[in-house]
Number of protein chains: 2
Amino acid sequence: MTTRADGRGLAGFAALLADPTRAGFCLTLLDGRAWTAGELARSAGVAASTASDHLTRLVRGGLLVEQRQGRHRYVRLADPAVAQLVEDLAGRAPTPATPPRTLRAASAGAALAYARTCYDHLAGRLGVLLYDALLARGVLDLAGGLALTPAGTSWLADLGVPVEPLRAARRPLVRDCLDWTERRPHLAGALGAALCTRLLDLGWTERGTGRSVRLTRAGRPALAEALALDPSALAPPPRDGGPARA
Amino acid sequence: MTTRADGRGLAGFAALLADPTRAGFCLTLLDGRAWTAGELARSAGVAASTASDHLTRLVRGGLLVEQRQGRHRYVRLADPAVAQLVEDLAGRAPTPATPPRTLRAASAGAALAYARTCYDHLAGRLGVLLYDALLARGVLDLAGGLALTPAGTSWLADLGVPVEPLRAARRPLVRDCLDWTERRPHLAGALGAALCTRLLDLGWTERGTGRSVRLTRAGRPALAEALALDPSALAPPPRDGGPARA
DNA sequence: CGGACCGTTCGGCGCCGGCCGAAACGTGCC
DNA sequence: GGCACGTTTCGGCCGGCGCCGAACGGTCCG
């Protein structure tokens, strides 16, 4: 008899994500923020007791970490690697094919498709655009795997993103992450996170509801100049409430 | 009400790996080869009918692809990305802590720990050693993410591994993959696969039973020279059948 | 101290999913 | 054609898991 592959460990771990409610929690937490147990329960539409049980399992399984404050229990994804894992899995999973039912949901979907956070970095059309522009400007290079160029380091310094501290992290500096909506890569890794934070700090972008992100009035020309792009290339989606296209 | 994260797609996909038998199948198939339904059933210790059902699901879910030949049904992992996913998940899963029961199993474990295939590239002590040596020789570079250096390209050409064709693939050229046994990275990606194949072609390594790989008599000095290492650094584990240490 | 609120524990219900054996189906071989 | 063998389909059994509501324990606030 040959060596038997014991699938129990893997199966037990995968089982954590094999429940729609728990999976939904993880997807919700992909926004990178900490949520309370009650918020997650309401957002998923289950009883508080049910959510409590699920969270306990996810924490014990190492997918989530918790932080108790007073009578609140905050949870968030344990680390970027978990976020990456959830993204990878979700990206492979067949989309449940749930077309938006209401106008409100449709416009929220459009906002998310334009720009959103993917755990701690930027995704959506804007994320992909940024990725492409960084390659075009020679900040990143694809030959032999995605890498930051020397010229890129100084470009980032000009923008106010010091690269050296990021190298110290155990996390990969640059990484590509397949975008769900665009089906093309955007920038992840420590640099992707730092860049996303910096854009928010500069006021070029700001958080909307949920995971959505907006390019601000001031941010649009500023980002276009930094990337040597025409501002029209960064055009946001048609206004919410405008003429519906279908 | 905010946008609800629908976890059904993700959950359904994760459920494929959430069963010990199915997970075991995937781990077994990590050797990169195609197995018949019956072989997998025996190896997992379940009835043929049970295995058949599981395989159908895994294929429908896109994790496996099948190839029917006469009265046999061959299955293998759908693509390298799936293998990567399984590796990532298995790497995070808590080890079931199953100490080897028999001497035979223990020695098989030692052989696997020394060198094995991880889907289509080299893993184990030898895999990690190779990874380190490639970094030390400047074939690979870690600054700004793992990348192949220009010097590395010619080093590979000398070894008989043309890099250009690999760049054309949609698969990342280089990628690090966390080694289960060593808990340190080894080389994956298109280059990791090509290098593994080349070593086998050169006769420097050869396949053992299951996923295990051996460094051949001729391969040891040859590989040591190519990597500018002392041959003793590539020493295999103590012989099977030798004095047991416990 | 009493009330509002957040979270957890407990018991119980219902369903889904994994397992098997028996029988049917197809293929290859004699 | 007849037989052997790999695989699939079909019932049926059983255990586990997700769900809820009710009761309980903390925490914050007035």
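**A guided reading of the predicted model**

In this predicted model, Thr205(B) belongs to strand β10 of chain B, which spans residues 205-207. Thr205(B) has a relative accessibility of 4% and therefore counts as buried, the cut-off being under 20%. A polar atom of the Thr205(B) side chain is placed 3.5 Å from the backbone nitrogen of Leu200(B). Apart from residues up to four places away in sequence, Thr205(B) touches Leu199(B), Leu200(B), Val213(B), Arg214(B), Leu215(B) and Thr216(B). Leu200(B) thus appears both in this set of contacts and as the partner of the Thr205(B) side chain.

A second strand residue of chain B can be read in a similar manner. Arg116(B) is located in strand β4, residues 116-118. Its relative accessible area is 7%, so Arg116(B) is buried. A polar atom of the Arg116(B) side chain lies 3.1 Å from the backbone oxygen of Leu112(B).

The description now turns to the helices of chain B. Helix α1(B) covers residues 8-17, and seven of its ten residues are buried, so the helix is largely enclosed by the rest of the structure. The buried residues are Gly9(B), Leu10(B), Ala11(B), Phe13(B), Ala14(B), Leu16(B) and Leu17(B). Their cover includes elements of both chains: α1, α2 and α5 of chain A, together with α2, α4 and α5 of chain B.

Helix α2(B), one of the elements covering α1(B), also packs against helix α3(B). The axes of α2(B), residues 20-29, and α3(B), residues 37-44, come within 10 Å and cross at roughly 115 degrees. The two helices are therefore roughly perpendicular to each other, and α2(B) passes α3(B) in a right-handed crossing. On the α2(B) side the contact involves Thr21(B), Phe25(B), Thr28(B) and Leu29(B), which meet Leu40(B), Ser43(B) and Ala44(B) of α3(B).

Helix α3(B) in turn packs against α4(B), at an angle of about 115 degrees and with the axes 9 Å apart. That angle makes α3(B) roughly perpendicular to α4(B), and the crossing is right-handed. Here Ala37(B), Leu40(B) and Ala41(B) of α3(B) meet Ala48(B), Ala51(B) and Leu55(B) of α4(B). Leu40(B) contributes to the contact with α2(B) and to the contact with α4(B).

Chain A contains eleven helices and eleven strands. Of its 246 residues, 43% are buried. Among contacts in chain A with a separation of 6 or more, 54% join residues 24 or more positions apart.

Arg211(A) provides a specific case of such a long-range relation. It lies in the loop between β10 (205-207) and β11 (213-215) of chain A, and with 17% relative accessibility it counts as buried. Its C-alpha atom is separated by 8.6 Å from that of Ala115(A), which is 96 residues away along the chain. The contacts of Arg211(A) beyond four places in sequence include Leu27(A), Leu30(A), Asp31(A), Glu87(A), Ala115(A) and Thr117(A). The Arg211(A) side chain reaches the backbone oxygen of Thr117(A) at 2.9 Å.

The final subject is the nonpolar interior. In soluble globular proteins, nonpolar side chains tend to be buried together. The largest nonpolar core has 62 residues, and Leu63, Leu64 and Leu77 of chains A and B touch the most other members. Beyond its neighbours within four places in sequence, Leu77(A) contacts Cys26(A), Leu29(A), Leu30(A), Leu63(A), Leu64(A), Val65(A), Val82(A), Ala83(A) and Tyr119(A). Leu63(A) and Leu64(A) are thus contacts of Leu77(A) and are themselves among the core residues that touch the most other members.

Methods: Residues numbered from 1 in each chain as written. Chains lettered and ligands numbered in written order. Predicted model: local features only at pLDDT ≥ 70, side-chain atom pairs only at ≥ 80, totals over all residues. Heavy atoms only, no water. Helix = DSSP H or I, 4+ residues; strand = E, 2+ residues; numbered from the N terminus. Buried < 20%, exposed > 50% of the residue type's maximum accessible area, 1.4 Å probe, protein only. Polar contact = N/O pair within 3.5 Å; in protein donor to acceptor, adjacent residues only side chain to side chain. Contact = heavy atoms within 4.5 Å. Core = buried A, V, L, I, M, F, W, Y, C linked by side-chain atoms within 4.5 Å. Axes fitted to C-alpha atoms, helices over the stretch in contact; angles between N-to-C directions. Parallel < 35°, antiparallel > 145°, perpendicular 65-115°, else oblique. Left-handed = near helix turned anticlockwise from the far one by under 90°.
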